[in-house]
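User: I have a structure open and would like to go through it with you. Could we begin with one of the strands?
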Amino acid sequence: MKPSPELLKDILEEVRPLIGQGRVASYIPALEEVPADKLGIAVCYNDGDIISAGDADEPFSIQSISKALSLTLALQNYGPMEIWSRVGKEPSGQAFNSMIQLEMEQGIPRNPFINAGALVVCDLLQSRLSAPRQRMLEFVRELCGNNHICYDKAVAKSEMDHSDRNAAIAYLMRSFGNFDNEVMPVLQTYFHYCALKMSCVDLAKAFNYLANKGLSLGAEKTIVSHTQSKQVNALLATCGLYDGAGEFAYRVGMPGKSGVGGGIVAVVPGEMSLAVWSPELDPSGNSLAGTAALELLAERIGRSIF
Ligand code: GLN
């Protein structure tokens with residue numbers, strides 16, 4: 001059963017009381033300015049149907065959701081060994097910006113969806129793409145058919161101005177020989193990717209390839225192979241929500257990726273891609289009301305990959 005717009009609206013109203021119980025990310029000052037009461041949801045079916053409610057058309061900072069897009073660009077440009085010799089495939093059980101395992105594990109990040117792993121992926125892209133920022137813009141614009149998608153320069157700058165921790169992570173990996181480029185240009189690329197501005201509708205459309213065997217919305221283009229789409233979904237299910245991945249799998253039951261802008265994308269392979277947005281976060285840095293909305297929707301329409 002496809003949800004009606006009324007069902008989506010009802011779900012948003014049910015989770016709205018959670019607003020006030022989480023915290024908007026404050027360590028990136030530009031993100032703190034986003035109103036905490038934004039709430040939106042969009043579902044994109046593989047047949048192209050889009051159902052949405054609330055602030056689903058309003059662009060926001062996608063933050064770490066971009067880590068799934070940068071991994072996809074890496075899969076398009078590198079062979080598997082070139083990627084997986086430099087970053088692992090295991091859940092970290094640690095905060096997204098943790099460094100603790102990195103020193104113990106010789107500068108090899110646990111997975112591509114924590115900051116360390118995404119920085120390695122950006123380092124790979126920096127080495128092989130002539131204009132990695134422009135390439136990402138073209139990629140996402142094409143994925144969701146929206147040429148207006150752009151970087152929020154104020155957010156990218158705010159992150160660069162508060163980049164000590166990500167810089168430390170990158171330098172530590174460089175000290176272990178797991179970083180080929182100068183740190184600063186790679187950080188610039190990484191922060192721009194995080195500063196992509198997209199709406200729930202854009203995100204649900206963009207991520208449909210993971211619901212549709214690696215094919216773009218409308219099946220016009222192969223983004224990744226069917227096998228690679230399954231592999232990315234497996235990593236999303238185990239690592240996409242950091243130390244909240246188990247909780248998310250338990251409650252929502254779908255591969256997902258969150259960002260500290262309060263967005264979450266989720267995938268039901270073979271059927272649909274979803275996106276929610278509510279800026280207040282839980283202690284793991286995942287949207288509090290967004291997770292609850294996905295949990296209710298999964299329950300109401302009877303979906304889980306498990
Ligand atoms: N840009 C953020 C950072 O690097 C992304 C973190 C996130 O969304 N979890 O800290």
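User: Which residues of S9 are buried on one side, and which on the other?
Analyst: On one side of S9, Met272, Leu274 and Val276 are buried, and on the other side Ser273, Ala275 and Trp277 are buried, so that both faces are covered. A residue is buried if 20 or more other C-beta atoms lie within 10 Å of its own, exposed if 12 or fewer, and partly exposed in between, with C-beta atoms placed from the backbone. Strands here are DSSP runs of E with at least two residues, helices are runs of H or I with at least four, and both are numbered from the N terminus. In a regular strand the side chains alternate between the two faces of the sheet.

User: Before we continue, what kind of model is this, and what pLDDT do local features need?
Analyst: This is a predicted model, in which local features need pLDDT of at least 70, side-chain atom pairs count only at pLDDT 80 or more, and totals for chains, interfaces and linings use all residues. Residues are numbered from 1 along each chain as its sequence is written. The mean pLDDT of the protein is 97, and 100% of its residues reach 70 or more; pLDDT is the predictor's confidence in each residue, from 0 to 100. The model has an ipTM of 0.97 and a pTM of 0.98.

User: Back to S9. How many bridges join S8 to S9?
Analyst: Six bridges connect S8 (residues 263-268) with S9, and the two run antiparallel. Strands count as paired if DSSP finds at least two bridges between them. Leu274 in S9 is the bridge partner of Ala266. The hairpin of S8 and S9 has three residues between the strands, and Gly270 there takes a positive phi near 90 degrees.

User: And what pairs with S9 over six bridges, besides S8?
Analyst: Strand S2 (residues 40-45) does, in the antiparallel sense. Leu274 is the bridge partner of Val43, and Val43 also has Ile51 of S3 as a bridge partner. S2 and S3 are joined by five bridges and run antiparallel. They form a hairpin with four residues between them, where Gly48 has a positive phi of about 100 degrees.

User: Why is S3 described as largely enclosed?
Analyst: Four of the five residues of S3 (residues 50-54) are buried, so the rest of the structure largely encloses this strand.

User: Where is Lys38, and what does Lys38 touch?
Analyst: Lys38 lies in the loop between helix H2 (29-32) and S2. Leaving aside residues up to four places away in sequence, Lys38 touches Asp55, Glu58, Trp277, Ser278 and Pro279; contact means C-beta atoms, placed from the backbone, within 7 Å. Lys38 counts as partly exposed because there are 19 C-beta neighbours inside 10 Å. The C-alpha atoms of Lys38 and Glu280 are separated by 9.2 Å, although these residues are 242 apart along the chain.

User: New topic: what surrounds the ligand?
Analyst: The surrounding residues are Gln63, Ser64, Phe96, Asn97, Asn115, Glu159, Asn166, Cys194, Gly259, Val260 and Gly285. A residue is near a molecule if its C-beta atom, placed from the backbone, lies within 6 Å of it. By class, the shell has three nonpolar, seven polar and one charged residues. Ala, Val, Leu, Ile, Met, Phe, Trp, Tyr, Cys and Pro count as nonpolar, Asp, Glu, Lys and Arg as charged, and the others, Gly among them, as polar.

User: Which residues of H10 are buried?
Analyst: Val186, Thr189, Tyr190, Phe191, His192, Tyr193 and Cys194 are buried in H10.

Conventions
Two residues are in contact if their C-beta atoms, placed from the backbone, lie within 7 Å.
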